[in-house]
Amino acid sequence: MAMDVVDYEIKGSEMQFVEVELDPGEAAVGEAGSLMYMDAAIGMDTVFGDGGKQSGGFLGKLLGAGKRLITGESLFTTVYTNQGQAKHRVAFAAPYPGKILPMDLRQLGGLLICQKDAFLCAARGVSLGIHFQQKLSVGFFGGEGFIMQKLEGDGLAFVHAGGTVLKRELQPGQTLMVDTGCVVAYTPNVNFEIQYVGKIKTALFGGEGLFFAKMTGPGTIWLQSLPFSRLASRVFAAAPQMGGSREEGSVLGGFAAGGLLGSVLGGDDE
């Protein structure tokens, strides 16, 4: 399918959004729930899968949607088409603090592998699929790194990374050990393996998990400093676990007394 060539502008610092400018007839594909705003001349159409032209009629569309379901994403994406006679814009917002990365698939050899929740939006014609790591060790122990998304085509795609982003060019044979959740994307010529941390004490008490992603060049990798899973676990750990209404505001709320004194100091009448 022919790729739409779109112009764009990324705005913001920590909570970014990307504004895509569409010529008449051009379209962009957005992840469900990513829309921020759009001009009135932009038409919306929710479709199975990635909105690409899939073979096999309904069965082909169902297969494409099923691939997205495996990665944990919605069965549907939304296609935003410029139905007017002039240029119009549509904007997509990042889901949590971080950076939006424009990926020109033409310059990356037509294929990019990224974390399953990294895709934000793309020009129409970019194909979204799934990428399974080939080795059993990755499948059993890779966690976030096992099932990843595959972006194919020669157009622009936008992915989101949490926190600060590091882009590294790995030379042939150069290896980097990475927390599996910190891998945002990499080019397919990078060798991705899972390696045990090596020491029982480190594995049990180091707080970094049992395994690392071992990434060997040549190729390009993008890393994030704040994976969403890490952010979510910190928020969950800080949330009140006993159903109290205001215990989170009291230092005494976590004591063995069940936070009773914290509730009293917080003004509860119970």
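This passage walks through the strands of a predicted model, then turns to one threonine and to the cysteines.

A good place to begin is the open sheet, which is built from six strands in the order 11-12-9-16-19-14, with antiparallel pairing. Strand 11 (127-132) and strand 14 (165-170) stand at the edges; each has a single partner strand, so one side of each is left without a neighbour in the sheet. From one strand to the next, the twist averages 25 degrees.

Within this sheet, strand 16 (residues 183-186) and strand 19 (residues 219-224) run antiparallel and are joined by three bridges. Here alanine 185 is found opposite tryptophan 222 of strand 19.

Strand 19 also holds threonine 220, a residue worth a visit in the viewer. Is threonine 220 buried or exposed? Its relative accessible area is 11%, and because the cut-off for buried is under 20%, threonine 220 counts as buried. The side chain of threonine 220 makes a polar contact with the side chain of glutamate 169, at 2.7 Å. Glutamate 169 is also among the residues that threonine 220 touches, leaving aside those up to four places away in sequence; the others are Lys167, Arg168, Ala185, Tyr186, Thr187 and Val190. Ala185 thus appears twice in this account, as a residue touched by threonine 220 and as the one opposite tryptophan 222.

Strand 13 (residues 156-162) offers another view, being mostly covered: seven of its seven residues are buried. In a regular strand, side chains alternate between the two faces of the sheet. For strand 13, both faces are covered, with Leu156, Phe158, His160 and Gly162 buried on one side and Ala157, Val159 and Ala161 buried on the other.

Which strands are joined to strand 13 by bridges? One is strand 8 (residues 98-104), which runs antiparallel to strand 13 and is joined to it by seven bridges. In this pairing, aspartate 104 stands opposite leucine 156 of strand 13. Strand 10 (residues 119-123) is also antiparallel to strand 13, with three bridges between them. There, phenylalanine 119 stands opposite valine 159. Leucine 156 and valine 159 lie on opposite sides of strand 13, and both are buried.

Finally, the cysteines. A disulfide is a covalent bond between the sulfur atoms of two cysteines. How many disulfides does the model contain? With sulfur atoms required to lie within 2.5 Å, the count comes to zero. Cysteine 114 is buried, at 0% relative accessibility, and cysteine 182 is buried too, with a relative accessible area of 11%.

Notes. Residues numbered from 1 in each chain as written. Predicted model: local features only at pLDDT ≥ 70, side-chain atom pairs only at ≥ 80, totals over all residues. Heavy atoms only, no water. Pairing = 2+ DSSP bridges. Helix = DSSP H or I, 4+ residues; strand = E, 2+ residues; numbered from the N terminus. Axes fitted to C-alpha atoms, helices over the stretch in contact; angles between N-to-C directions. Buried < 20%, exposed > 50% of the residue type's maximum accessible area, 1.4 Å probe, protein only. Polar contact = N/O pair within 3.5 Å; in protein donor to acceptor, adjacent residues only side chain to side chain. Contact = heavy atoms within 4.5 Å.
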